[in-house]
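These are my notebook entries on one chain and its ligand, written down in the order in which I looked things up. I went from the loops to the sheets, then to a helix, and ended at the ligand.

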Amino acid sequence: MRDRPTPHGGGQRRHGRRHPRAVRRSGRRPHPIRAGLTGRGIAVIEDAAHAFGSRNGRHRVGATGDLTCFSFGPIKNLTCGQGGMVIPRSSDEADTIRRLRLLGVAQSQRERANITTYRVDSFGLRYQLSSINAAIGLVQLDRFDTTERLRRFLWRAYRRALAPLDGVTLVDVDPDRSVPHLCQVRMPHRDRVFQELRAQGIGVGVHYPPNHLQPAFAPWRRPLPATEQVGEEILSLPFHQHLTETDIDHVVAALGQALSP
Ligand SMILES: Cc1ncc(COP(=O)(O)O)c(C=O)c1O
């Protein structure tokens, strides 16, 4: 295998009223919304579900001073099985989020171990990460340097392998600044190609069908032709850090065959 980065044994462990607006962050370009909202008591929450490890300017997403949410679901760059993380902007915000995630209880789990009661003084949800999931996430975090290099390397390997295929457009990612989370392509006849590849045991998927076409959003539906066209053309190729270049060549060869008339 050419130039594949080798795993290494470790890495650093890194550990008035507001109206939230979610801004999806895939590590590609700064959003223009914040400037207009500053000073009006409106908090922008960055939805950085896919962007763990990516950079926004000189900083990692999450270290840019914004209220940021990451997802650590099973297919994300950093996984803990299921769960995620909020990066608060102040200790007050951190305190509020801690209470919110644990039924409004004011004391931490550690503090509660040493007292016979606890205080519930605000609204709360049962949203805490389980210790088992947290343990998985910490081990994955220790390996993240390797994960990051492998994902960039594999995405570039896909880009090279896909270049000669007619009729396939790679969905652009900047692998110098982003840690690729998916490898997506666009093509005509996506549904047929999807079925043919699945029939060969190749784990392609679609991320994501357009939200505005979901029945839950029917009351607000309006035509979004560009989104609808993309929704019909996108295909996610198998992508995770345990792939090899041989796997990629196999997927791309099968894709080429599925596309040929
Ligand atoms: C853009 C975006 N936001 C939020 C989420 C939700 O993440 P979670 O399932 O960890 O809550 C996802 C999941 O993939 C996502 O793609």
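I began with Tyr208, which lies in the loop between H6 and helix H7 (225–233); helices here are DSSP runs of H or I with at least four residues, strands are runs of E with at least two, and both are numbered from the N terminus. The peptide bond that joins His207 and Tyr208 is cis, with omega at about 0°.

Before going further I noted that this is a predicted model, in which local features need pLDDT of at least 70 and side-chain atom pairs count only at pLDDT 80 or more, while totals for chains, interfaces and linings use all residues. Residue numbers start from 1 along each chain as its sequence is written.

**Overview.** I found eight helices and nine strands in the chain. Buried residues account for 21% of its 261 residues, where buried means 20 or more other C-beta atoms within 10 Å of the residue's own, exposed means 12 or fewer, and partly exposed is in between, with C-beta atoms placed from the backbone.

**Gln184 and its sheet.** His207 led me to Gln184, because Gln184 is in contact with Val171, His207, Ile234, Leu235 and Ser236 once its neighbours within four places in sequence are left aside; contact means that the two C-beta atoms, placed from the backbone, lie within 7 Å. Gln184 belongs to strand S8 and is buried, since 22 other C-beta atoms lie within 10 Å. Its C-alpha atom is separated by 6.5 Å from that of Ile234, although the two are 50 residues apart along the chain.

Strand S8 (residues 183–186) is joined to S9 by four bridges, and the two run antiparallel; I count two strands as paired if DSSP finds at least two bridges between them. In this pairing Gln184 stands opposite Ser236 in S9. The open sheet is formed by three strands in the order S7-S8-S9, with antiparallel pairing. Strand S7 (169–170) and S9 are at the edges with a single partner strand each, so one side of each has no neighbour in the sheet.

**Helix H8.** Which elements cover the buried residues of H8? I found that the cover includes helix H5 (144–162), helix H6 (190–199) and strand S9 (234–237). The buried residues themselves are Ile248, Val251, Val252 and Leu255. They lie on the same side of H8 because they cover an arc of only 95° around the axis, the arc being that of the directions from the helix axis to the C-beta atoms. On the face turned away from this buried side I noted the exposed residues Thr246, Ala253 and Gln257. H8 (residues 245–259) has 15 residues and reaches 21 Å from its first C-alpha to its last, close to the expected 21 Å, which is 1.5 Å times one less than the number of residues.

**Two positive phi values.** His189, in the loop between S8 and H6, has a positive phi of about 55° although it is not a glycine. It counts as partly exposed because it has 14 C-beta neighbours inside 10 Å. Leu103 also has a positive phi, near 55°, and is a residue other than glycine; its place is in the loop between helix H2 (91–101) and helix H3 (109–112). With 15 other C-beta atoms within 10 Å, Leu103 is partly exposed.

**Strand S2.** Side chains alternate along strand S2 (residues 44–47), where Val44 and Glu46 point to one face and are buried, while Ile45 and Asp47 point to the other and are not. Val44 is touched by Leu37, which also touches Ile42, not counting residues up to four places away in sequence. Leu37 lies in helix H1 (residues 33–37) and is partly exposed, with 13 other C-beta atoms within 10 Å. S2 pairs with strand S5 (residues 67–71) in the parallel sense over three bridges, and Asp47 stands opposite Cys69 in S5.

**Ligand.** Asp47 brought me to the ligand: of the seven residues around it, Asp47, Ala49, Ser71, Gly73 and Gly84 come nearest, a residue being near if its C-beta atom, placed from the backbone, lies within 6 Å. I sorted the shell into one nonpolar, four polar and two charged residues, taking Ala, Val, Leu, Ile, Met, Phe, Trp, Tyr, Cys and Pro as nonpolar, Asp, Glu, Lys and Arg as charged, and the others, Gly among them, as polar.
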